[in-house]
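Visitor: I am new to reading structures. Could you show me how the labels are earned?

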2 protein chains.
Amino acid sequence: MNPELAIGIDIGGTKVAGGVVDVDGKVIQRARRDTPHRSKNPSVVEGTIVEVVAELMQYAGPETVVAVGIGAAGFVAADRATVVFAPHLSWRHEPLQAALQKRVAVPIFVDNDANAAVWAEWKFGAAQGQTHVMMITLGTGIGGGILINGQVQRGRFGIAGEFGHMQVVPGGHRCECGNRGCWEQYASGNALVREAHSLFSANSPIASDLLDSVEGVVDNLTGPLITQAARDGDPTARELLAEIGNWLGVGIANLAAAFDPGLFVIGGGVSAAGELLLSSARETFKRQLAGRGYRPEAGIVAAQLGNEAGLIGAADLARFSAQEQAD
Amino acid sequence: MNPELAIGIDIGGTKVAGGVVDVDGKVIQRARRDTPHRSKNPSVVEGTIVEVVAELMQYAGPETVVAVGIGAAGFVAADRATVVFAPHLSWRHEPLQAALQKRVAVPIFVDNDANAAVWAEWKFGAAQGQTHVMMITLGTGIGGGILINGQVQRGRFGIAGEFGHMQVVPGGHRCECGNRGCWEQYASGNALVREAHSLFSANSPIASDLLDSVEGVVDNLTGPLITQAARDGDPTARELLAEIGNWLGVGIANLAAAFDPGLFVIGGGVSAAGELLLSSARETFKRQLAGRGYRPEAGIVAAQLGNEAGLIGAADLARFSAQEQAD
């Protein structure tokens with residue numbers, strides 16, 4: 001029996017993924033459900049979360065689990081209890097922690113999913129030993145987390161790390177947040193797919209192989225398919241990824257100017273493209289960084305914990321916080 | 001005799017301003033010299049600094065001064081001893097602290113001038129009692145400082161807070177740093193003057209009153225003159241300041257998305273325009289902030305310590321650090 005297990009839950013727009021995580025950050029059991037579709041009633045999603053927790057508790061032995069951590073794709077208040085705004089879950093000022101705590105016997109903490117991910121990469125992954133880390137998660141949008149001297153930086157209201165909504169192009173592409181020109185419209189999975197679609201719309205011959213790969217069905221083209229085509233040598237797919245990487249480098253140079261971290265960790269689904277993405281990001285970063293040549297420069301590396309960083313980090317942060325509360 | 005005095009020195013491109021600062025942040029004596037003109041020999045500037053320190057020591061009584069703090073317009077390494085890069089002073093990897101310490105008997109600390117300013121505003125000015133503060137100093141360019149829970153955040157290499165070199169317009173105006181589209185090319189004193197000049201070049205009749213105010217000598221138009229004209233009701237001068245304020249708001253919204261402070265403090269010479277600048281900054285900020293309407297929002301206020309924030313902060317930070325070292 002391991003008396004120091006924690007459960008981590010990663011809630012996204014499409015799935016609720018849970019795992020039992022040991023003190024070394026290893027996921028020893030998993031469970032998942034589909035996220036109830038944009039339910040207007042938050043209690044439906046809460047029910048799903050409680051189901052996943054119960055299933056994992058059962059497996060681990062309830063007496064071994066010391067805490068539950070929730071990583072949510074949304075703005076989480078500094079109290080780590082309230083989801084202020086989660087567009088994909090239709091949550092507004094949702095007291096998630098209180099609702100769940102009534103139904104679960106161990107302490108529960110809620111955090112933004114990218115905050116959980118930066119903690120996981122720092123404890124167990126690519127950022128071990130670093131003092132100043134910025135995590136950038138590239139999925140359909142961009143999430144972010146900041147960690148300084150072993151502490152997740154949540155900002156005054158809990159909403160730090162929303163890097164994806166920094167404006168990089170005045171009057172640029174419209175964003176879900178209501179603004180134009182947000183970084184995540186240029187450096188994300190959605191941007192990758194949009195740019196491929198615009199090549200199709202232009203009937204560009206350079207995109208014909210990509211179009212053939214989805215048998216002419218434009219809507220079937222996804223980010224992972226573009227990445228696979230790039231790996232297989234398709235020059236247009238490589239160009240599309242390099243363009244995303246270029247915008248990634250622009251934003252990283254901006255963040256480096258403002259916060260000067262030692263390391264940027266790039267995670268999320270799009271980071272599976274690896275060097276096809278990161279080499280162009282590094283190149284642009286080095287060209288854009290203010291004071292380049294006169295100053296030390298941050299590293300840019302791929303995340304190591306893949307899709308489970310959020311789940312692992314949520315669990316480990318919750319264990320850490322429960323211990324802090326007990327001391 | 002007050003045994004807890006500290007000397008602060010603010011080194012800019014044009015002047016070396018010094019002061020004796022008491023524990024309440026009050027400047028009880030001042031001294032200043034012109035900065036030796038872009039001397040290729042750093043020891044000339046060092047000589048000037050030592051002169052100012054000696055003059056102030058003499059006044060205060062050497063035995064009452066516990067530390068000397070230097071606030072420099074440049075990149076200062078995390079060791080608070082080395083100026084890595086200071087474009088206006090021709091310093092590159094200059095071991096300023098070591099050079100000065102040979103000639104001054106009390107502990108010396110070097111810091112970026114905006115880092116010193118944010119400390120001063122938090123201890124004695126507009127940001128008292130705040131936990132998460134971002135300071136933006138608008139002079140010829142933009143400087144910045146970050147303070148969290150009473151600690152100046154210098155980043156991994158000491159160079160955090162260079163907000164002015166975040167890119168806001170791809171392919172935009174060329175910046176001294178070598179890039180294009182840096183924020184300080186759109187929201188600074190230089191930007192204000194450049195935009196006025198471009199109205200003159202276009203022979204725009206809306207700028208004729210401004211041009212008359214400098215008797216037709218374009219090069220005599222300065223930021224402070226534009227601010228004065230705006231105060232006096234000149235509509236073009238007001239428009240120019242509102243445009244700078246608009247870009248200020250864009251950048252503040254970006255910083256709020258990334259770092260989520262509770263308060264932005266706007267200092268530096270251009271901030272003398274007060275509400276003529278800040279009201280349009282607030283308006284744009286509220287329109288651009290991601291998640292607006294669903295989240296708490298940071299305040300945007302004018303600095304309270306004016307031009308002496310850097311000097312006061314450098315002195316007080318040095319006193320604080322000397323005490324920390326002694327304990």
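Guide: What follows is a set of questions, each settled by setting a value against a cut-off. Keep in mind that this is a predicted model.

Visitor: How many disulfides are there over all chains?

Guide: A search of the whole structure finds zero. Take Cys182(A). The nearest cysteine sulfur belongs to Cys177(A), and it is 3.6 Å away. A disulfide needs two cysteine sulfur atoms within 2.5 Å, so Cys182(A) is in no disulfide.

Visitor: What makes the sulfur of Cys175(B) too far for a bond?

Guide: Its closest cysteine sulfur is in Cys182(B), at 3.8 Å. The cut-off is 2.5 Å, so the pair does not count as a disulfide.

Visitor: Why are Cys182(A) and Cys175(B) called buried?

Guide: Buried means under 20% relative accessible area. Cys182(A) has 1%. Cys175(B) has 4%. Both values fall under the cut-off, so both residues are buried.

Visitor: Now helices. Why are H7(A) and H8(A) called oblique to each other?

Guide: H7 (residues 235-259) and H8 (residues 275-288) of chain A pack at about 40 degrees, with axes 7 Å apart. Roughly parallel needs an angle under 35 degrees, and roughly perpendicular starts at 65. About 40 degrees fits neither, so the pair is oblique. Their crossing is right-handed. By class, the contact has 13 nonpolar, six polar and two charged residues.

Visitor: What makes H3(A) roughly perpendicular to H9(A)?

Guide: Again, the angle. H3 (residues 113-124) and H9 (residues 309-326) of chain A pack at about 80 degrees. The range for roughly perpendicular is 65 to 115 degrees, so the label fits. Among the residues that meet are Trp119(A) and Phe124(A) in H3(A), and Leu317(A) and Phe320(A) in H9(A). This contact divides into ten nonpolar, three polar and four charged residues.

Visitor: What is the phi of Arg80(A), and why is it worth a remark?

Guide: Phi is near 55 degrees, a positive value, and the residue is not glycine. Most residues other than glycine have a negative phi. Arg80(A) sits in the loop between strands S5 (75-76) and S6 (83-86) of chain A.

Visitor: Where is Asn203(A)?

Guide: In the loop between helices H4 (189-201) and H5 (208-213) of chain A. Its phi is positive too, about 50 degrees, although Asn203(A) is not a glycine.

Visitor: How do you know whether Arg80(A) and Asn203(A) are buried or exposed?

Guide: Use the accessible areas. Arg80(A) has 12%, under the 20% cut-off, so Arg80(A) is buried. Asn203(A) has 66%, over the 50% cut-off, so Asn203(A) is exposed.

Technical notes: Residues are numbered from 1 along each chain as its sequence is written. Chains are lettered from A and ligands numbered from 1 in the order in which they are written. This is a predicted model: local features need pLDDT of at least 70, side-chain atom pairs count only at pLDDT 80 or more; totals for chains, interfaces and linings use all residues. Side-chain values use heavy atoms; hydrogens and water are left out. Buried means under 20% relative accessible area, exposed over 50%, partly exposed in between (1.4 Å probe, protein chains only). Axes are lines fitted to C-alpha atoms, for helices over the stretch in contact, and angles run from 0 to 180 degrees between N-to-C directions. Helices (H or I, at least four residues) and strands (E, at least two) are DSSP runs, numbered from the N terminus. Angles under 35 degrees count as roughly parallel, over 145 as roughly antiparallel, 65 to 115 as roughly perpendicular and the rest as oblique. A crossing is left-handed if the near helix is turned anticlockwise from the far one by less than a right angle, and right-handed if clockwise. Ala, Val, Leu, Ile, Met, Phe, Trp, Tyr, Cys and Pro count as nonpolar, Asp, Glu, Lys and Arg as charged, and the others, Gly among them, as polar. Contact means heavy atoms within 4.5 Å.
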